[in-house]
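Dear colleague,

I am passing on the structure we spoke about, and I would be grateful if you could look through it alongside the notes below.

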Amino acid sequence: MTEKPTTDPTTIDVDEFVARMPEGMGALNATMGIEITEISAERIVGTMPVEGNTQPYGLLHGGASVVLAESLGSIGSAIAAAPDRIAVGVDISATHHRSATSGTVTGVATPAHIGRSMATWEVVISDERGKRVCTSRITCALIPAR
């Protein structure tokens, strides 16, 4: 997972970011096959395979979409919280627009609000055709690091 070359000075190296986390990206992200492809203060992008993340009818599980959304929004919130605060999720909602049955979905998180004590991110998850599968919103409290 290395970032694409860019001239944007706000882009953060994905591998460096993950290495700074106490448990990397966490076991759930690895289990679900989530890969983070871009990190900046204004945009977090990640992908997840549909295969292995389906419900009994072979459709992408709505909970899998929520996991992807929470991962992306939490990364953005952690950036907003650094260096003296940490981000903890307090609310997440998701609207599932259409199903995905194969391939990879991509989530793009952008900030809706970044404040002193809270950060809210909108996450749009799309299929390989660029069709919106899910829209999610996650809010994290930014609390003092211990």
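What follows goes through the confidence of the model, its core, some individual residues, the surface and the salt bridges.

Please keep in mind throughout that this is a predicted model and not an experimental one. The pLDDT of the chain averages 91, and 93% of the residues reach a score of at least 70. The exception I would point out is the stretch of residues 1-7, where pLDDT stays under 50, and for which the model has 11 contacts beyond four places in sequence.

**The core**

The largest nonpolar core has 32 residues, and those that touch the most other members are Ile39, Ile44, Met48, Leu60 and Val105. At least two residues of this core are supplied by each of helix H1 (14-20), strand E3 (35-40), strand E4 (44-49), helix H3 (62-81), strand E6 (104-114), strand E7 (118-126) and strand E8 (132-144). Among these elements, H3 gives the most, with eight residues.

Isoleucine 39 is a useful place to begin if you want to trace the packing yourself: setting aside residues up to four places away in sequence, Ile39 touches Thr10, Thr11, Ile12, Val14, Phe17, Ile44, Ile75 and Ile79. Isoleucine 79, which belongs to helix H3, is in turn in contact with Ile12, Phe17, Ile39, Ser40, Ala41 and Ile44, once its neighbours within four places in sequence are left aside. The C-alpha atom of Ile79 lies 28 Å from that of valine 50, and these two residues are 29 apart along the chain.

Serine 40, in strand E3, has a relative accessible area of 4% and therefore counts as buried. Beyond residues up to four places away in sequence, Ser40 touches Thr10, Thr11 and Ile79.

**Glycine 107 and threonine 135**

Glycine 107 sits in strand E6, and because its relative accessibility is 0%, this glycine counts as buried. Leaving aside neighbours within four places in sequence, the contacts of Gly107 are with Ile44, Val45, Gly46, Leu68, Leu72, Val123, Val124 and Ile125. Between the C-alpha atoms of Gly107 and phenylalanine 17 there are 18 Å, with 90 residues separating the two along the chain.

Threonine 135 is part of strand E8, and with a relative accessible area of 17% it is buried, since the cut-off for that class is under 20%. Not counting residues up to four places away in sequence, Thr135 touches Ser93, Ala94, Thr95, His97, Glu122 and Val123. Its C-alpha atom is separated by 17 Å from that of isoleucine 75, which is 60 residues away along the chain.

**A nonpolar patch on the surface**

On the surface, Ile86, Val88, Val90, Met118 and Ile143 make a nonpolar patch of about 360 Å². Strand E5 (residues 85-96) contributes the largest share of this patch, namely three residues. Valine 90 is found in strand E5, and its relative accessible area of 48% makes this valine partly exposed.

**Salt bridges**

Side chains of opposite charge can pair when their charged atoms come close. In this structure there are three salt bridges, which I take in sequence order.

- Glutamate 38 pairs with arginine 43, their closest N and O atoms being 3.0 Å apart; Glu38 is partly exposed at 27% relative accessibility, and Arg43 is also partly exposed, with a relative accessible area of 36%.
- Aspartate 84 pairs with arginine 85, and here the closest N and O atoms are 3.9 Å apart; Asp84 is exposed, at a relative accessible area of 51%, while Arg85 is partly exposed at 22%.
- Aspartate 127 pairs with arginine 129, with the closest N and O atoms 2.8 Å apart; Asp127 counts as buried because its relative accessibility is 11%, whereas Arg129, at 61%, counts as exposed.

With best wishes

How values were computed. Residues are numbered from 1 along each chain as its sequence is written. This is a predicted model: local features need pLDDT of at least 70, side-chain atom pairs count only at pLDDT 80 or more; totals for chains, interfaces and linings use all residues. Side-chain values use heavy atoms; hydrogens and water are left out. pLDDT is the predictor's confidence in each residue, from 0 to 100. Contact means heavy atoms within 4.5 Å. A nonpolar core is a set of buried Ala, Val, Leu, Ile, Met, Phe, Trp, Tyr and Cys residues joined through side-chain atoms within 4.5 Å. Buried means under 20% relative accessible area, exposed over 50%, partly exposed in between (1.4 Å probe, protein chains only). Helices (H or I, at least four residues) and strands (E, at least two) are DSSP runs, numbered from the N terminus. Patches are made of residues with over 30% relative accessible area and no salt bridge: like charges are joined within 9 Å, nonpolar side chains (Val, Leu, Ile, Met, Phe, Trp, Tyr) within 5 Å. Accessible areas come from the Shrake-Rupley method with a 1.4 Å probe; for residues, only the protein chains shown count as cover. A salt bridge is a side-chain nitrogen of Lys or Arg within 4 Å of a carboxyl oxygen of Asp or Glu.
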